Amino acid sequence: MFENLQALPEDPILGLLAAFRADTATRKIDLGVGVYKDERGNTPVLKAVRAAEQAVLADQQTKTYLGPAGNEQFNALMTELVLGSKHTAVTSRRVRAMQAPGGCGALRLGAELLVTTGAKPTVHVSDPTWSNHGPLLSNAGLVLEKYPYFDARTGTVRFDAMLERLNALPAGDVVLLHGCCHNPTGADLSLDQWRKVADVLVQRRLVPYVDIAYQGLGEGIEADAEGARLIAATVPEALIAVSCSKNFGLYRERVGLLMVLTQSEAQTNASVSHVRKIARGIYSMPPDHGAAIVARILSDTKLTEDWRAELNAMRERMMKLRNAFSAALARTGKAEVAAAIANQRGMFSMLPLKPEAADTLREKHHIYMTRDGRINIAGIDQDLVDFLAESVASVL
Ligand code: LMR
């Protein structure tokens with residue numbers, strides 16, 4: 001049976017992890033996988049996470065099952081973090097959350113729910129979008145199409161073209177939007193643009209599917225959620241997939257959630273019962289540990305304060321690196337690319353590079369990035385910023 005299977009190439013993002021580790025060069029730079037790194041290139045366990053983890057372990061009385069929805073305290077606290085406690089979707093009880101194994105698990109649950117409705121919607125994703133959106137959504141049986149999003153020359157959002165496309169979509173289709181820190185481009189919608197998108201979604205009766213995986217790493221915890229909050233306050237129905245991988249640094253613990261918003265509390269409850277059944281049929285229930293840590297942090301004022309301070313420090317460090325790299329690129333004469341990078345937000349920017357140029361950077365300069373030119377800003381080494389800029393400029 002298995003003799004029919006040919007070995008596959010590595011995942012375009014995760015494959016870089018092993019390639020970078022195997023590179024024996026003394027001067028090498030890892031701008032690949034989207035994980036936060038400190039000045040030594042490490043991805044540390046946050047202090048608030050460590051403290052919460054110890055408290056969770058000390059207090060834990062049982063490891064019995066929780067059920068497919070996972071930790072309900074986590075679900076409630078994370079809903080509050082993303083939408084705010086006074087959000088109309090929350091007070092009207094039209095939104096409910098289900099813990100999921102990471103943002104990926106949440107995206108897949110939402111995709112399976114869309115398939116379960118029988119409505120057969122096409123899902124429209126930004127061009128470009130995160131390379132795992134395709135597999136996560138289409139493996140559930142959904143058809144994907146792209147809407148115009150990024151102008152590689154100016155490094156900004158092609159907003160008019162995006163809006164024109166959304167305005168031409170058939171009612172009932174789904175539009176996937178990045179809540180903040182667009183992956184892979186770093187080019188985000190302004191609040192005014194979110195408003196215009198929300199209006200089109202309502203007029204065209206389109207269903208937004210917001211993916212928010214970097215809350216707190218763009219402009220701040222509240223500012224980064226404004227788009228998602230606005231959408232949830234404007235449209236009758238939405239899905240929101242949330243990841244705690246980056247902002248809590250819980251990557252390998254696989255912590256995330258899917259929020260389901262419908263027109264009534266009863267409809268939301270019915271929809272969530274389907275999500276529970278879907279989860280039961282794939283992995284039964286999500287792993288507990290990471291969600292218990294997040295719930296501990298968010299239910300404790302001091303831990304929340306500590307976590308917010310650490311998150312702010314991560315964001316500020318990335319802004320500093322972003323600006324340093326932009327300034328270094330400007331010194332090489334690449335003013336337009338430099339300006340675009342300075343204006344983008346979050347963990348990523350996308351350099352206007354051909355895949356072969358990314359290969360040259362890896363092979364010749366030991367600089368690792370995905371072949372679409374995406375760079376993880378947190379991976380920039382402050383001491384090598386001029387070397388990085390000159391190497392990049394040589395292939396731009
Ligand atoms: C990334 O985009 O690099 C991260 O979200 C890691 C992943 O799973 O791809």
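This is a short walk through the ligand site, the backbone and the domains of one protein–ligand model. Keep in mind that the model is predicted.

Let me start with the domains. The assignment splits the protein chain into domain 1 (10-44 + 304-395) and domain 2 (51-299). So much for the bounds; now the spacing. The C-alpha centres of the two domains lie 26 Å apart. At the interface, 25 residues of domain 1 are in contact with 32 residues of domain 2.

Now the ligand. Which residues are around the ligand? Here is the list: Ile13, Val33, Gly34, Trp130, Asn183, Tyr214, Lys246 and Arg374. Sort that shell by class and you get four nonpolar, two polar and two charged residues. Both domains take part. Domain 1 (10-44 + 304-395) and domain 2 (51-299) each supply at least three residues of the shell.

On to the polar contacts. Take Arg374 to begin with. An N or O atom in the Arg374 side chain is 2.7 Å from an oxygen atom of the ligand. Next, Trp130. A polar atom of the Trp130 side chain lies 3.0 Å from a ligand oxygen. Then Asn183. Its side chain also places a polar atom 3.0 Å from an oxygen atom of the ligand. How much of the ligand does the protein bury? Taken alone, the ligand exposes 260 Å², and the protein buries 83% of that.

Stay with Asn183 for a moment, but look at the backbone. The peptide bond from Asn183 to Pro184 is cis, with omega near 25°. So a residue with a polar contact to the ligand also begins a cis peptide bond. Pro184 is in the loop between β7 (174-178) and α8 (191-204).

There is another cis bond to show you. This one runs from Asp127 to Pro128, with omega near 5°. Pro128 is in the loop between β3 (122-127) and α6 (133-138).

Next, positive phi values. Go back to the loop between β7 and α8, where Cys181 is found. Cys181 is not a glycine, yet its phi is positive, at about 50°. Is Cys181 buried or exposed? Cys181 counts as buried, because its relative accessibility is 1%, and the cut-off for buried is under 20%.

Now compare Arg205. Arg205 is in the loop between α8 and β8 (207-212). Its phi is near 55°, again positive in a residue other than glycine. Here the side of the cut-off changes. Arg205 is exposed, because its relative accessible area is 61%, and exposed means over 50%.

Last stop: Val242. Where is Val242 found? In strand β9, residues 238-243. With 2% relative accessibility, Val242 counts as buried. What is Val242 in contact with, leaving aside its neighbours within four places in sequence? The partners are Met78, Val82, Gly103, Ala106, Ile212, Gly256, Leu257 and Met259. One more pair before I stop. Val242 and Met98 are 144 residues apart in sequence, but 10 Å apart in space, C-alpha to C-alpha.

To recap. The ligand shell draws on both domains. Arg374, Trp130 and Asn183 give the polar contacts I described. The bonds into Pro128 and Pro184 are cis. Cys181 and Arg205 have positive phi.

Note on methods. Residues numbered from 1 in each chain as written. Predicted model: local features only at pLDDT ≥ 70, side-chain atom pairs only at ≥ 80, totals over all residues. Heavy atoms only, no water. Near = heavy atom within 4 Å. Polar contact = N/O pair within 3.5 Å; in protein donor to acceptor, adjacent residues only side chain to side chain. Areas by Shrake-Rupley, 256 points an atom, 1.4 Å probe, with all protein chains shown as cover. Nonpolar A, V, L, I, M, F, W, Y, C, P; charged D, E, K, R; others polar. Domains from an automatic or database assignment. Helix = DSSP H or I, 4+ residues; strand = E, 2+ residues; numbered from the N terminus. Buried < 20%, exposed > 50% of the residue type's maximum accessible area, 1.4 Å probe, protein only. Contact = heavy atoms within 4.5 Å.
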